[in-house]
Amino acid sequence: MKLENIRIVLVNTSHPGNIGGVARAMKNMGLSDLSLVAPRIFPSGDADARAAGAADILRSASVVASLQEAIADAHLIVGASARGRNIPWPVMDPHELAGVASSLRDTQKMAIVFGREDRGLTNDELHLCHHHVHIPSVEGFSSLNLAAAVQVIAYELRMAQLKGAGAPTQAPQWGTDWDVELSQHHELELLFEHLEKVLVEVDFLDPQSPRHLMPRLRRLFQRAVPDKVEVNILRGMLSHIQKKNDQK
């Protein structure tokens, strides 16, 4: 496993000290790629102080305006979620996540996304993820400090790297025997935009009453983890449907 291919993404972090704590947790376990989405305060002396020797992680961190930017080049996106959602999504625990990370090719990138300290990630943000990761803390006191949550997951990744293999995965297409490079997040987003446009054009999707159609279709396609050729085939089919529809 190449830990440098695993990106930790923090969304709208309120307290700069938590960013420093995350940097320290990452460096402890060999992670180095940190992306900050619209942090409330950064850079900050509080972040530097909490980093305690991991200031290099803070200096090299990318600061972007949106989650889309932070994950655009990732092939596999996992969102940290502490609660159930209206639409269930595939969920892993940290050990299973490390097993999946172990199966990635050296050229593939994973992004692990953490939300706000007080309310985590929104449903829309979680819908951008292939899977969710849940730390099975006790029900009566399930809220973890941001840096502690990153530390738990980073530890499992480090252990999987040291052992040379993690937990068995349920998706062999993430492994080294796949014949085509996996699609990146921005390519999937273009597919979803194209799909939604076509569904509206053929009167299958009512934009005034969309219900949960697009989130469920997102879940369907992201669960399959399509590669670049598969995405191109799907978009080609959509273009053909548009052409035929225009000829009517």
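**View 1. Val9 of strand E1 sits across from Ser35 of strand E2.** Here we're looking at a predicted model, where local features need pLDDT of at least 70, side-chain atom pairs count only at pLDDT 80 or more, and totals for chains, interfaces and linings use all residues. Residues are numbered from 1 along each chain as its sequence is written, and side-chain values use heavy atoms, with hydrogens and water left out. E1 covers residues 6-11 and E2 covers residues 33-37; they run parallel and are joined by 5 bridges. Two strands count as paired if DSSP finds at least two bridges between them. The strands (E, at least two residues) and helices (H or I, at least four) are DSSP runs, numbered from the N terminus.

**View 2. Seven strands, one open sheet: 7 strands line up as E3-E2-E1-E6-E4-E7-E5, with parallel pairing.** At the edges you'll find E3 (62-64) and E5 (91-92), each pairing on one side only. Helix H7 (residues 146-163) packs on the sheet and touches E1, E6 (110-114) and E7 (131-133). Touching, or contact, means heavy atoms within 4.5 Å. The direction of H7 makes about 155° with that of E6; axes are lines fitted to C-alpha atoms, for helices over the stretch in contact, and angles run from 0 to 180 degrees between N-to-C directions.

**View 3. Strand E4 (residues 76-80) is mostly covered, with 5 of its 5 residues buried.** Buried means under 20% relative accessible area, exposed means over 50%, and partly exposed is in between (1.4 Å probe, protein chains only). In a regular strand, side chains alternate between the two faces of the sheet. Leu76, Val78 and Ala80 are buried on one side of E4, and Ile77 and Gly79 are buried on the other. E4 runs parallel to E6, joined by 4 bridges, and Val78 has Ile112 as its bridge partner there. E4 also pairs with E7 in the parallel sense, over 3 bridges, with Gly79 opposite His132.

**View 4. Helix H10 (residues 228-246) has a buried face.** Its 19 residues reach 27 Å from first C-alpha to last, close to the 27 Å expected at 1.5 Å a residue (that's 1.5 Å times one less than the number of residues). The buried residues are Val231, Leu238 and Gln242. Seen down the axis of H10, they fall within an arc of 45°, so they line one face of the helix; the arc is that of the directions from the helix axis to the C-beta atoms. Helix H8 (185-201) is among what covers them. On the other side, Asn232 and Lys243 are exposed.
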